[in-house]
Amino acid sequence: MESIDLQTLTPYPYQKLSSEDCIRLIYVKPFPRLEKTVQCKIKEFPLQKCPPFEALSYEWGRPDPSGLGWPLIVDEKYVLVVRRNLQTALLLYSSRPEKDAIWIDAICINQRDLEERAQQVPRMRDIYTAASEVMIFLGQDPGSVFDIFNAITEICRWYCRHVRATPIHNKQHITIDTFAGGNDKDVSSAPPDEVFMLAGKLWDASYFSRMWIFQEVASAKNARLQCGIWSLPWPTVEAYVMADSLVTSARSKGLTSTSY
């Protein structure tokens with residue numbers, strides 16, 4: 001495909017949604033070379049009749065200091081300007097088949113239309129619930145995520161082997177009820193404190209300071225954590241949280257405090 005001259009493109013002209021029940025989904029086009037600008041299509045669907053789609057939970061981040069932002073080409077003739085963190089997520093999506101539908105608030109809601117924003121934002125919980133999967137995107141890998149994810153996985157495996165009787169599946173959230181009576185568990189075989197300290201660095205990501213994660217993550221029926229190219233099923237993180245609470249309580253003689 002020939003490259004598109006960004007100078008010939010005009011801002012994407014959002015059309016009014018057909019009804020309050022409708023949302024927009026995007027389809028990111030795959031591209032063979034990293035230097036190509038990300039392209040997508042935008043389509044409208046009634047929420048109750050949407051094809052399977054993934055919702056993105058992420059941190060908007062600060063605007064580009066230059067004020068320019070990063071271009072997203074829509075329908076090969078329009079352009080939307082996105083922030084750097086979203087551009088990074090879009091680059092990940094561009095490595096997938098185009099048939100995958102995605103909901104991203106900054107793109108699927110016309111941010112310049114105050115009336116539409118007022119109507120769509122209260123529906124975000126329903127959108128995240130309707131999504132077949134939510135990608136919890138932490139941004140680019142700062143260089144330590146591989147080790148952090150490995151530590152979380154090690155703790156999860158210990159927890160599932162020694163504490164939790166039933167296996168954890170991607171679509172199975174863990175609740176505090178799973179942890180009932182956990183103070184009586186023998187934690188002598190648990191990974192050392194150093195592993196828990198390394199896993200706890202996950203919460204240093206600025207993503208977890210966002211108020212919105214409570215509805216975006218809690219509403220998801222299936223979710224995964226993504227940082228750079230590294231991915232981790234969210235139930236694995238939940239198992240780590242339960243293990244951290246259990247081990248902290250046992251090793252601190254009743255002091256209930258967790259990194260989470």
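## A tour of the sheet and the helices packed on it

Begin by selecting the strands of this predicted model: ten of them form an open sheet with mixed pairing, in the order β1-β6-β5-β3-β2-β7-β4-β8-β9-β10. The edges are strand β1 (10-11) and strand β10, each of which pairs on one side only.

**Strands β3, β5 and β6**

Select residues 39-46 and 70-74 next, which are strands β3 and β5; these two pair in the parallel sense over two bridges, and Cys40 has Val74 of β5 as its bridge partner. Then add residues 78-82, strand β6, which runs antiparallel to β5 and is joined to it by five bridges; here the partner of Ile73 is Val79 in β6. The hairpin of β5 and β6 has three residues between the strands, and within this hairpin Asp75 is the residue to display, since the backbone there takes a positive phi near 55 degrees.

**Strands β4, β8, β9 and β10**

Move along the sheet to residues 53-57 and 133-137, where strands β4 and β8 pair in the parallel sense over four bridges, with Ala55 standing opposite Val134 of β8. Helix α1, residues 84-93, packs on the sheet and touches β2 (22-28), β4, β5, β6, β7, β8 and β9, while its direction makes about 130 degrees with that of β8.

Now select residues 223-227 and 230-233, strands β9 and β10, which pair in the antiparallel sense over four bridges; Gln226 stands opposite Ser231 in β10. In this hairpin two residues lie between the strands, and Gly228 takes a positive phi near 60 degrees.

**Helix α8 and its neighbours**

Keep β10 on display and add helix α8, residues 234-251, which lies across β8, β9 and β10 and runs at about 65 degrees to β10.

Add helix α5, residues 145-162, and look at how this helix meets α8: the two pack at an angle of about 70 degrees, with their axes 8 Å apart, and are therefore roughly perpendicular to each other. To see the contact, show the side chains of Ile152, Thr153, Ile155, Cys156, Trp158 and Tyr159 on α5, together with Thr236, Val237, Ala239, Tyr240, Met242, Ala243, Leu246 and Val247 on α8. By class, twelve of the residues in this contact are nonpolar and two are polar, with no charged residues.

Then select helix α6, residues 193-200, which packs with α8 at an angle of about 135 degrees, the axes being 11 Å apart; α6 and α8 are therefore oblique to each other, and their crossing is left-handed. Asp193, Phe196, Ala199 and Gly200 make the contact from α6, and Tyr240, Ala243, Asp244, Val247 and Arg251 make it from α8. The residues of this second contact divide into five nonpolar, one polar and three charged.

**An aromatic pair to finish**

The structure contains seven aromatic pairs, and one of them is formed by Trp103 and Tyr128, whose rings are arranged edge-to-face, 5.6 Å centre to centre and with 80 degrees between the planes. Trp103 belongs to strand β7 (residues 101-103) and Tyr128 to helix α4 (residues 124-130), so this pair ties together parts that are 25 residues apart in sequence.

Note on methods:
Residues are numbered from 1 along each chain as its sequence is written. Side-chain values use heavy atoms; hydrogens and water are left out. Axes are lines fitted to C-alpha atoms, for helices over the stretch in contact, and angles run from 0 to 180 degrees between N-to-C directions. Angles under 35 degrees count as roughly parallel, over 145 as roughly antiparallel, 65 to 115 as roughly perpendicular and the rest as oblique. A crossing is left-handed if the near helix is turned anticlockwise from the far one by less than a right angle, and right-handed if clockwise. Contact means heavy atoms within 4.5 Å. Ala, Val, Leu, Ile, Met, Phe, Trp, Tyr, Cys and Pro count as nonpolar, Asp, Glu, Lys and Arg as charged, and the others, Gly among them, as polar. Two strands pair if DSSP finds at least two bridges between them. Rings of Phe, Tyr and Trp (its six-membered ring) pair if their centres lie within 6.5 Å; planes under 30 degrees apart count as stacked, over 60 as edge-to-face and the rest as tilted.
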